[in-house]
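I opened the notebook today to look up one residue and then the strands. My entries follow in the order I made them.

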Amino acid sequence: LEGSGFFLNNRASAFKLEGPNALAPRKRPVHTLSALLVSGRPGESPYLAMGTSGGEHRPQLHALFVSNVVDYSMDVEGALSYPRFVWDGLETVAERGYRLGDGRPEGLRVVDYPARQGVAQGIELIPGGKKAVSDVRGDGEPAGF
């Protein structure tokens with residue numbers, strides 16, 4: 001607010017009384033937006049850029065996206081649209097369709113696909129151009145010029 005000496009925003013709502021987002025001087029909360037770059041080998045230029053919202057689940061989502069690309073040979077569209085899961089320290093929440101492997105973890109809750117477990121965007125360099133993808137979980141639309 002002009003003249004008041006402070007500003008208002010919705011990022012400060014991420015502070016808590018305990019944990020990594022504990023309120024403290026000169027502290028910033030774990031941000032709700034982030035990006036990652038993927039390259040084929042050390043020293044190579046990145047060929048894939050992805051970003052996601054999702055608050056404290058972002059590191060899990062990034063690991064899941066990279067695993068989808070590296071371990072399962074998915075393109076950016078497949079990596080972002082594939083059913084996903086997150087763990088909040090108490091329970092695992094998996095979208096219907098996520099392959100859980102053998103066994104069912106204790107504290108598992110299955111939700112309809114697509115759920116709002118972070119909304120991601122991505123760009124992949126492909127032969128002859130770029131492929132942009134907007135997550136089916138959000139309302140974005142890839143566009144280029």
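**Entry 1: N68**

In which helix is the place of N68? I found N68 in helix α1, which covers residues 58-70. I note at the start that this is a predicted model.

Next I asked: is N68 buried or exposed? The relative accessibility of N68 is 4%. Buried means under 20%, so N68 counts as buried.

Then I looked up the polar side of N68. Which backbone oxygen does the side chain of N68 reach? The side chain reaches the backbone oxygen of A79, at 3.0 Å. I also listed the contacts of N68, leaving out residues up to four places away in sequence. N68 touches S73, M74, A79 and Y82. A79 thus turns up in my contact list and as the partner of the N68 side chain.

**Entry 2: strand β4**

I moved on to β4, residues 92-95. Which way do its residues point? T92 and A94 point one way, and V93 and E95 point the other way. I wrote down that all of them are buried.

I then checked the pairing of β4. Strand β3, residues 85-87, runs antiparallel to β4, and three bridges join them. In this pair, F85 stands opposite A94. The hairpin of β3 and β4 has four residues between the strands. There, G89 takes a positive phi near 95°.

β4 also pairs with strand β5, residues 108-111. This pairing is parallel and has four bridges. What stands opposite A94 in β5? I found V110. So I have two entries for A94: F85 stands opposite A94 from β3, and V110 is opposite A94 in β5.

**Entry 3: the open sheet**

How many strands form the open sheet, and in what order? I noted four, in the order β1-β2-β6-β7, with antiparallel pairing. β1 (34-39) and β7 (129-134) stand at the edges. Each has a single partner strand, so one side of each is left without a neighbour in the sheet. From one strand to the next, the twist averages 15°.

I looked at one pair in this sheet. Strand β6, residues 120-126, runs antiparallel to β7, and six bridges join the two. Q121 stands opposite S134 in β7.

Which strands does α1 touch as it packs on the sheet? I found β1, β2 (46-52) and β6. The direction of α1 makes about 145° with that of β2. This takes me back to my first entry, since α1 is the helix that holds N68.

Methods:
Residues are numbered from 1 along each chain as its sequence is written. This is a predicted model: local features need pLDDT of at least 70, side-chain atom pairs count only at pLDDT 80 or more; totals for chains, interfaces and linings use all residues. Side-chain values use heavy atoms; hydrogens and water are left out. Buried means under 20% relative accessible area, exposed over 50%, partly exposed in between (1.4 Å probe, protein chains only). A polar contact is a pair of N or O atoms within 3.5 Å; within protein, one must be able to donate a hydrogen and the other to accept it, and residues adjacent in sequence count only if both atoms are side-chain atoms. Contact means heavy atoms within 4.5 Å. Two strands pair if DSSP finds at least two bridges between them. Axes are lines fitted to C-alpha atoms, for helices over the stretch in contact, and angles run from 0 to 180 degrees between N-to-C directions.
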